[in-house]
Amino acid sequence: MFYPTEVKQKLFEEKNQLGTPAHNFKVITIQGDTIELKNLKGKIVVINFFFAECPPCIAEIPDLNRIVNKYQTQEIIFLAISSSNDKERLKYLQALLLEKKGFEWQYTLCPAYDYETLGHSFKSSNRKIANELYMTNTYPTHIIIDKDGLFQYCTQGSGTDKLAIMEKTIDLLISK
């Protein structure tokens, strides 16, 4: 079903209300490891929904890497959940970043494999995690889930102001 942008934004905000429980999911990393959100309780989880052909998604990678490096000694999991369906495309993106820009992506990459959610018997792509569970409609989208599994930060689109607020949110959650 097609929704106007303002309706999509309202759905995103309603689905991901701060202080409410995050929606469980399973993803498979580019290395083949399975990660399930419910098993990450006790850790801060920072999620970046993106796709490989998204210029703003690619442009913010150096800033995201800086954030990962800043918190590397903390109990924080950084997941880049791609809606790109091709694992090889993500490997190509990683190689291109290394070759052209001189860096690797520090987030844990999760290509669009099948996933499962609690209460659902179907399988689908990461696009379903983004669009149905988290109601994202803009890329990149950033979500922070606290140690208790509650939403603490949700934003769509890119911008240094959004990343600065993301860092402040992480700092606040670490200090709790």
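This tour proceeds from one group of residues to the next in the structure above.

The model is predicted, so residue numbers run from 1 along each chain as its sequence is written, local features need pLDDT of at least 70, and side-chain atom pairs count only at pLDDT 80 or more, while totals for chains, interfaces and linings use all residues. Side-chain values use heavy atoms, with hydrogens and water left out.

**Stop 1: the disulfide**

Select Cys54 and Cys57. A disulfide (a pair of cysteine sulfur atoms within 2.5 Å) joins these two residues, with an S to S distance of 2.4 Å. The search of the whole structure finds 1 disulfide. The angle about the S-S bond is 75°, and the link of Cys54 and Cys57 is right-handed. Are Cys54 and Cys57 buried or exposed? Both are buried; this term means under 20% relative accessible area, whereas exposed means over 50% and partly exposed lies in between, with a 1.4 Å probe and protein chains only.

Next, select Cys110, which is found in strand E5, residues 108–110. Helices (H or I, at least four residues) and strands (E, at least two) are DSSP runs, numbered from the N terminus. Cys110 counts as buried because its relative accessibility is 0%. Add Phe49 to the selection: the C-alpha atoms of Cys110 and Phe49 are separated by 9.7 Å, although the two residues are 61 residues apart along the chain.

**Stop 2: an aromatic pair**

A pair of aromatic rings is described by the distance of the centres and the angle of the planes. Rings of Phe, Tyr and Trp (its six-membered ring) pair if their centres lie within 6.5 Å; planes under 30 degrees apart count as stacked, over 60 as edge-to-face and the rest as tilted. By this rule there are 2 aromatic pairs. Select Phe51 and Tyr139, whose ring centres are 5.4 Å apart and whose planes stand at 90°, so the pair is edge-to-face. This pair links distant parts of the chain, 88 residues apart: Phe51 is in the loop between strand E3 (44–50) and helix H2 (55–59), and Tyr139 is in the loop between helix H5 (126–133) and E6. Phe51 counts as partly exposed because its relative accessibility is 28%. Tyr139, at 17% relative accessibility, counts as buried.

**Stop 3: the salt bridges**

How many salt bridges does a search of the whole structure find? The search finds 4, where a salt bridge is a side-chain nitrogen of Lys or Arg within 4 Å of a carboxyl oxygen of Asp or Glu.

Select Arg66 and Glu167. Their side chains meet in a salt bridge of 2.8 Å, N to O. The pair links distant parts of the chain, with Arg66 in helix H3 and Glu167 in helix H6 (residues 160–175), 101 residues apart. Arg66 is partly exposed at 40% relative accessibility, whereas Glu167 is buried, with a relative accessible area of 11%.

Now add Lys70. Glu167 also forms a salt bridge with Lys70, the closest N and O atoms being 3.0 Å apart. Glu167 lies in helix H6 and Lys70 in helix H3, so this pair ties together parts that are 97 residues apart in sequence. Lys70 counts as partly exposed, at 43% relative accessibility. Add Asp171 to complete the view: Arg66, Lys70, Glu167 and Asp171 are linked in a network of salt bridges.

Move to Lys43 and Glu75, which form a salt bridge with their closest N and O atoms 3.9 Å apart. Here Lys43 is in the loop between strand E2 (34–36) and E3, and Glu75 is in the loop between helix H3 (61–70) and strand E4 (76–82), 32 residues apart. Lys43 counts as partly exposed at 29% relative accessibility, and Glu75 counts as partly exposed at 49%.

**Stop 4: Asp146**

Keep Lys43 displayed and select Asp146, in the loop between strand E6 (141–145) and strand E7 (151–156). Not counting residues up to four places away in sequence, Asp146 touches Lys43, Gln152 and Leu173, where contact means heavy atoms within 4.5 Å. Asp146 is buried yet has no salt bridge; the nearest side chain of opposite charge, Lys176, is 5.2 Å away. For charge, Lys and Arg count as positive and Asp and Glu as negative; His and the chain ends are not counted.

Which side chain makes a polar contact with the side chain of Asp146? The partner is Gln152, at 2.9 Å. A polar contact is a pair of N or O atoms within 3.5 Å; within protein, one must be able to donate a hydrogen and the other to accept it, and residues adjacent in sequence count only if both atoms are side-chain atoms.
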